[in-house]
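Trainee: Could you take me through one part of this structure slowly? I would like to see how a helix is checked and then how two of them pack.

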Amino acid sequence: MSPNLPMPLIQVLQVMTVAVAAPGVSGVIARVEARLQGRTGPRVAQPYYDLAKLLRKEALAPEGASWVFLAAPLGAAACYLTVPLLIPVLTTFGLPLGYMGDILGGGFILSLASFLVAVAALDSGSPYAQLGASRAKTFAAITEPAVLFVIFVVALVTSTDLPYALAATVRSSSGQIAAPAHLLAAAALFMVILYETGRIPVETHTGTNEFGMIEEARPFEHSGPHLALLKWGSSMKQLILYTILLNVFVAPWGLAATPRAAAVGLAIIALLGKAAAAGTVVAVIDNSFAKLRLFKITEFAAAAFLLAVLGVFTLYLGGG
Amino acid sequence: MSAVAAPSVYSGGASVIAVGVLLAEFGMFRQALLRDQVRLYAAQSGLISALAVLVAAARQLPELYVLAALSAGLKVVIVPIVLRRLLRGLGHGGDGAQQDQAAHGWTEIAGSGSLSLASTILLAIAVAAFGFFSVGALRIASPVLPPTALAISVSVALVAFVLMIMRRDVASQAIGFLSLENGISLAALVVAAGMPLILEVAFLFDLLVAVVVFELLIRLHHGRAESLSTADLTSLRG
């Protein structure tokens, strides 16, 4: 019998799990990707070494940049550390601060982070960073309707918009996970996540190829600890999105049902395993399809939107 | 609206297959190569056959297995083969490269839409919504009728019309017509699964006649216009 952990500690553990594990998940994806391309690839811990190196370096700001430029990475990282409080990372039951915000609240905080980074990119005065920021905001507006309709599906299925409630509904019956609305919403969310984490359809997430640069272009002018925070932030965002997909939609199993230390520890391991599996799937998809031209992104967004809208339609007719 | 209960296995499975048929219909807007368009049609027909097997198993109608086999043989194997043979035959008019392309089924039909792809999809979503909600307004409820499948079959038929109207190439228009028949089969399977086998087989042979007619039309059009596009037919308007 393992002792019960106090609730605040579990809450802190949720945040720490995401913060500490996020670079590792990126490392696993980079490794899988390299293997798929026939390269040996970097070691899994490479992102941690990169962060450590950047944190030791000097921070520089372009001439004329204001305090916004330096404050934005901190603000963005703070946003990414707030979201894990709101979503079921480790437990099936809501933690004390877990009902502070619903799915929309989490979405707002994620877009606030993206907004801060975009503002800093504009402040830098560099054309590349500005291009990245402008593209990121434009395409975010295009993918937003799909996200909204996914949230509508959640709301219709559970009568709430709390991520904990949907996860509980999915766990409650095996029929629910095969329900067309649920499958469609999960597929639409997966497509949005592919776009948001800089995979297909257009972006090359590692390269410095300007045609496909959206997210990667924005921290162009940052350096040292600020760049480290931005890189860490984007890997945290990736893990947060995977967690929402896995623990709310696709596989909400392996979460701790009680506050016991053993159950919570198992939940951490389960989450990391699931995230690594999801990352592998993403890497395989990313490497099996050709990138689209930049302005073909509307087709990709239209497909995600179609899936989410059909999900709402089938629910509306009572098909589940 | 109260929380929605999870559907039963039969009704959930039927709805998933019906959604798959509708998604395949939407996928036809995107296909750029004739070969892929034909493949997508074969996949959609395969889904219909799978639905026939599901209905047969769930409602103990053994004659539906025969129908599933017949429909799979005809729509998944024979019609695609006929269409592919037709495509190979179309290479004769053009130069060497064109013949080569046709022989491999690489005939390009992309860009034949009159609107951009995303706008077409949005239009088709609106049309599909009309189909959905008009059937929903009828409030047809029955313990043996999967609630969404009937609405989706109407949407499939309507979206097939959008496909035929928006794409300007003969091949997509023919495939649109054939997939319209898939939508009607879907409705027949979920509403009147017990419909006598002979009637359904007659429908399938009707389809075969349609394929032969389309083959003639496509050959005739290609012989005159040396392309699959119907854009130059608009100049014949009075």
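Mentor: Happy to! We start with a definition: the expected span of a helix is 1.5 Å times one less than its number of residues. Keep in mind that this is a predicted model.

Let us try that on helix α2 of chain B, residues 34–59. With 26 residues, α2(B) should span 38 Å, and its end C-alpha atoms are 38 Å apart, so the two values agree. Just after α2(B) comes Q60(B), which has a positive phi, near 50°. As for its surroundings, chain B has 8 helices and 0 strands. Of the 238 residues in chain B, 40% are buried. Among chain B contacts between residues at least 6 apart in sequence, 73% join residues at least 24 apart.

Now for packing. Two packed helices are described by the angle between their axes and the distance between the axes. In chain A, the axes of α8 (residues 180–196) and α9 (residues 224–250) come within 10 Å and cross at roughly 175°. Angles over 145 degrees count as roughly antiparallel, and therefore α8(A) and α9(A) are roughly antiparallel to each other. On the α8(A) side, the contact is made by A185(A), A186(A), L189(A), F190(A), I193(A) and E196(A). From α9(A) come L241(A), L245(A), F249(A) and V250(A). The residues of this contact divide into 9 nonpolar, no polar and 1 charged.

Finally, look at the largest nonpolar core, which has 172 residues. Those with the most contacts inside it are V153(A), A188(A), A304(A) and A308(A). Leaving aside residues up to four places away in sequence, A304(A) touches T143(A), A146(A), A188(A), M191(A) and V192(A).

Definitions and conventions
Residues are numbered from 1 along each chain as its sequence is written. Chains are lettered from A and ligands numbered from 1 in the order in which they are written. This is a predicted model: local features need pLDDT of at least 70, side-chain atom pairs count only at pLDDT 80 or more; totals for chains, interfaces and linings use all residues. Helices (H or I, at least four residues) and strands (E, at least two) are DSSP runs, numbered from the N terminus. A residue is buried if 20 or more other C-beta atoms lie within 10 Å of its own, exposed if 12 or fewer, and partly exposed in between; C-beta atoms are placed from the backbone. Two residues are in contact if their C-beta atoms, placed from the backbone, lie within 7 Å. A nonpolar core is a set of buried Ala, Val, Leu, Ile, Met, Phe, Trp, Tyr and Cys residues joined through C-beta atoms within 7 Å. Axes are lines fitted to C-alpha atoms, for helices over the stretch in contact, and angles run from 0 to 180 degrees between N-to-C directions. Angles under 35 degrees count as roughly parallel, over 145 as roughly antiparallel, 65 to 115 as roughly perpendicular and the rest as oblique. Ala, Val, Leu, Ile, Met, Phe, Trp, Tyr, Cys and Pro count as nonpolar, Asp, Glu, Lys and Arg as charged, and the others, Gly among them, as polar.
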